[in-house]
Amino acid sequence: MLCLGIESSCDDTGLAITCDGRLVDSILASQAPIHAIFGGVVPELASREHGRWLGPLFDALLKRNNITPTDLDLIAVTRGPGLLGSLLAGCAFAKGLALTLERPLIGVNHLHAHLLATGLDQNMAFPAIGMVVSGGHSEIYRMESPLNLVRMGRALDDAAGEVFDKVGNCLGLAYPAGRQLDNLAQNGRPIPGALPLPYIKNDNLDFSFSGLKTAAIELAKKLNLEKNQEKLNDFCATLNFAIARTLAIKAERALSNYPEISVLCLAGGVAANRALRQELANLMERRNGRLIAASPQFCMDNAAMIAYSGWLLAKAGFFHDLDCEAIPRGRKIPEDMRKGDPL
Ligand code: KG4
Ligand code: ZN
């Protein structure tokens, strides 16, 4: 079964095709250079770019794989969370295709898709604790099955990726700065105690990174990093460590709350961070458990994860009608899937 996945929740326009849950091909237009001019995503520009790119990317993807539109069996699209205008562009395109090709439509939760994407190239195991960390979200889930993901914790203010991007901006790094900051950190050493591990003295699984963002910007100013590469590298390693250790503390807390769960799944753009991967690998080694971290190619926003998740849902008989709503960040995604015959 060929499933087309469409991703347009933020600033990447992505399309991908999976065949029975295996990736056939994917295509992506990144808007990063446009938003870099402004130091962050400009929602109006993002939705305009999605509108401009969806058609040509669809044509190019099908053409280079010798697939015609009528070969597609299912249309999967990100319905949220994300920027509303961006989501609307992808959803409108998906509904147009579903209607004209007379194929089923499925709206996919972007955050669930990040977590499930680990199943694209690795053996996923359930139950698992799932951690999705990106520019807009830092959340912890209990993953009972591919179709039953229960959120247990979330970012109360800034997400971890936002801290990397905004602090990176102050250092003069181009948006999105997480990867460059992580690269610089590889040649530095964390300065002990220089940055706080935020919001850990409680017993919940939520995150609050806004205080760390302010503290890091203040520390960067104090250290006068402009002309000292060594100090800059150490500063980046310090920020990497503070974020990675904070996330690891909450991951360990989630695992301790469910002693029967021995699998930790890590996904989202920040999952590419090397300090975070190392912290969580150490944690799972200590606990004799297993870390399933998304492959770097599936960490950042991509449409393969949408096609894959859509296929999982359709295989179980879940679909949407044309009234499937795009849901922006901050609004709960409704449980409004229609039950039909499994595809
Ligand atoms: O999942 P994603 O592509 O988009 C959102 O849904 O937000 O995540 C993008 C975020 C950005 O904040 C980017 O700076 C961050 O992921 N990121 C990283 C790394 N690679 C990407 N953050 C830290 N270390 C990295 N290696
Ligand atoms: Zn994402």
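Asp158, Glu162, Lys166 and Lys213 are linked in a network of salt bridges. Keep in mind that this is a predicted model. In total, the structure holds 16 salt bridges, and three more pairs are worth a look one by one.

**Three salt-bridge pairs**

| Pair | Closest N to O distance |
|---|---|
| Aspartate 25 and arginine 64 | 2.7 Å |
| Arginine 286 and glutamate 252 | 3.4 Å |
| Lysine 221 and glutamate 218 | 3.9 Å |

Take aspartate 25 and arginine 64, whose closest N and O atoms are 2.7 Å apart. This pair links distant parts of the chain, with aspartate 25 in strand β3 (residues 22-30) and arginine 64 in helix α2 (residues 43-64), 39 residues apart. The two partners sit in unlike surroundings: aspartate 25 is buried, at 18% relative accessible area, while arginine 64 comes out as partly exposed at 48%. For anyone checking the label on aspartate 25, the cut-off for buried is under 20%, and the 18% of aspartate 25 falls under it.

Next, arginine 286 and glutamate 252, whose side chains meet in a salt bridge at 3.4 Å, N to O. Arginine 286 belongs to helix α9 (residues 274-286) and glutamate 252 to helix α8 (residues 229-257), so this salt bridge ties together parts that are 34 residues apart in sequence. Arginine 286 is exposed, with 58% relative accessibility, and glutamate 252 is partly exposed with 27%.

Lysine 221 and glutamate 218 are a local affair. Their side chains meet at 3.9 Å, N to O, which still makes a salt bridge because the cut-off is 4 Å. Both residues are in helix α7 (residues 210-223), and because they are three residues apart there, about one helical turn separates them. Lysine 221 is exposed at 59% relative accessibility, and glutamate 218 is partly exposed at 45%.

**The zinc site**

Now for the metal. His110 (NE2), His114 (NE2) and Asp301 (OD) coordinate the zinc ion (ligand 2), at 2.1 to 2.2 Å. Along the sequence, the spacing of these donors reads H-x3-H-x186-D. Histidine 114 is in helix α4 (residues 110-116), whereas aspartate 301 is in the loop between α10 (296-299) and α11 (304-315), so this pair of donors ties together parts that are 187 residues apart in sequence. Histidine 114 and aspartate 301 are both buried.

**Around ligand 1**

Which residues come nearest to ligand 1? Out of the 20 residues around ligand 1, those are Gly135, Asp165, Asp182, Asn273 and Asp301. Asp301 is also one of the residues that coordinate the zinc ion.

Helices α4, α5 (160-170) and α6 (178-185) each supply at least two residues of the shell around ligand 1. Sorted by class, that shell has seven nonpolar, nine polar and four charged residues.

On to the polar contacts. Histidine 114, a zinc donor, has a side-chain N or O atom 3.3 Å from an oxygen atom of ligand 1. For the side chain of serine 134, an N or O atom is 3.5 Å from an oxygen atom of ligand 1. Glycine 269 uses its backbone instead, with an N or O atom lying 3.0 Å from an oxygen atom of ligand 1. How much of ligand 1 does the protein bury? Taken alone, ligand 1 exposes 560 Å², and the protein buries 92% of that.

How values were computed. Residues numbered from 1 in each chain as written. Chains lettered and ligands numbered in written order. Predicted model: local features only at pLDDT ≥ 70, side-chain atom pairs only at ≥ 80, totals over all residues. Heavy atoms only, no water. Helix = DSSP H or I, 4+ residues; strand = E, 2+ residues; numbered from the N terminus. Buried < 20%, exposed > 50% of the residue type's maximum accessible area, 1.4 Å probe, protein only. Donors = N, O, S within 2.8 Å, 3.2 Å for Na, K, Ca; no water. Near = heavy atom within 4 Å. Polar contact = N/O pair within 3.5 Å; in protein donor to acceptor, adjacent residues only side chain to side chain. Areas by Shrake-Rupley, 256 points an atom, 1.4 Å probe, with all protein chains shown as cover. Nonpolar A, V, L, I, M, F, W, Y, C, P; charged D, E, K, R; others polar.
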